[in-house]
Amino acid sequence: MRPAEPDREARDGGDDSAPSPDPTDLRLMARALAMASRAALRGEVPVGAVIARGDRVIAAASNRRESARDATAHAELLAIRAACARLGGWRLTGLTLYVTLEPCPMCAGALVQARVARLVYGAADPKAGAAGSLFDIPRDSRLNHRPMVTAGVLEEASVRLLQEFFRAKRSTAVRASARGAGAPRESHS
Ligand SMILES: [Zn+2]
């Protein structure tokens with residue numbers, strides 16, 4: 001028996017298999033992907049987020065975990081903070097958060113805390129995702145706010161960006177270790 005009705009916008013959440021994404025969703029996810037590309041240029045895992053009211057962008061951010069040396073500097077959290085600062089309050093009621101990768105438990109929790117109306121994400125994250133993969137925080141009926149969830153918007157572009165980033169990182173690591181392999185020979189010239 002639930003003592004209170006969940007937020008109205010939270011019902012019917014979770015249309016993971018929407019065949020043709022909304023044009024606004026596509027446009028704003030493309031913006032989130034552009035933010036993710038910026039993160040990659042800084043050597044950060046490419047994840048980007050946008051918060052919008054309808055088609056109007058309120059905040060945009062990309063992952064800054066490395067450059068900020070902050071374990072919590074995920075794109076979603078930075079976007080939520082920026083949107084709260086811009087709107088002058090902690091409630092992001094009626095807003096949609098777009099993110100290129102399925103949120104982790106911390107970020108999924110934050111979007112429930114911020115009362116975000118809707119979550120739209122690109123690629124699923126089977127290792128850390130908390131919006132359907134490992135956990136399903138936005139659709140957990142024990143919570144009193146449940147954002148609607150749309151998954152898989154521009155999923156391939158997001159996956160490609162992540163794959164390219166990690167491939168480049170691995171080849172850099174391989175080159176570095178190949179250089180290191182010559183070291184024991186001790187060439188003091
Ligand atoms: Zn996160």
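**Sheet, helices and nonpolar core of the predicted model**

Residues 24 or more positions apart in sequence supply 60% of the chain's contacts at a separation of 6 or more. The model discussed here is a predicted one. Its secondary structure amounts to four helices and five strands, and from the N terminus these elements follow one another as α-β-β-α-β-α-β-β-α. Of the 189 residues in the chain, 37% are buried.

A good place to start is the sheet. Its five strands are arranged in the order 2-1-3-4-5, giving an open sheet with mixed pairing. Strand 2 and strand 5 (148-151) form the edges, each pairing on one side only. From one strand to the next, the twist averages 15°. Strand 1 and strand 3 are antiparallel partners joined by four bridges; within strand 3, Thr 96 is the bridge partner of Ala 52.

Helix 2 can be taken next. This helix lies across strand 1, strand 2 and strand 3, and it runs at about 140° to strand 2. The helix covers residues 75-87, and its 13 residues should span 18 Å at 1.5 Å a residue; the end C-alpha atoms are indeed 18 Å apart, so expectation and model agree. Ala 75, Glu 76, Leu 77, Leu 78, Ala 79, Ile 80 and Ala 83 are the buried residues of helix 2. Their packing partners are helix 1, strand 1 (48-53), strand 2 (56-62), strand 3 (96-101) and helix 3 (105-113). After the helix comes Gly 88, with a positive phi near 75°.

Helix 3 has Cys 107, Ala 108, Ala 110 and Leu 111 as its buried residues. Viewed down the helix axis, these residues fall within an arc of 160°, and therefore line one face of helix 3. An α-helix has 3.6 residues a turn, so residues three or four places apart point the same way. The buried residues of helix 3 pack against helix 2, strand 3 and strand 4 (118-123). Just after this helix, Arg 115 also has a positive phi, of about 60°.

The helices and strands come together in the nonpolar interior. In the largest nonpolar core, which holds 49 residues, the members touching the most others are Ala 32, Ala 49, Val 50, Ile 51, Ala 79, Leu 97 and Tyr 98. Helix 1 (residues 23-41) is the greatest contributor to this core, giving eight residues. Such a grouping fits a broader pattern: in soluble globular proteins, nonpolar side chains tend to be buried together.

Two of these core residues help to make the picture concrete. Ala 79 belongs to helix 2 and counts as buried because 32 C-beta neighbours lie inside 10 Å, where 20 or more suffice. Beyond four places in sequence, Ala 79 touches Ala 49, Val 50, Ile 51, Ala 59, Ala 60, Ala 61 and Leu 97. The C-alpha atom of Ala 79 is also 8.8 Å from that of Ile 58, a residue 21 positions away along the chain. Val 50, for its part, is in contact with Leu 28, Arg 31, Ala 32, Met 35, Val 57, Ala 60, Ala 79 and Tyr 98, once neighbours within four places in sequence are left aside.

Methods:
Residues numbered from 1 in each chain as written. Predicted model: local features only at pLDDT ≥ 70, side-chain atom pairs only at ≥ 80, totals over all residues. Core = buried A, V, L, I, M, F, W, Y, C linked by C-beta atoms within 7 Å. Buried ≥ 20, exposed ≤ 12 C-beta atoms within 10 Å, placed from the backbone. Helix = DSSP H or I, 4+ residues; strand = E, 2+ residues; numbered from the N terminus. Contact = placed C-beta atoms within 7 Å. Expected span 1.5 Å × (residues − 1). Pairing = 2+ DSSP bridges. Axes fitted to C-alpha atoms, helices over the stretch in contact; angles between N-to-C directions. Arc of directions from axis to C-beta.
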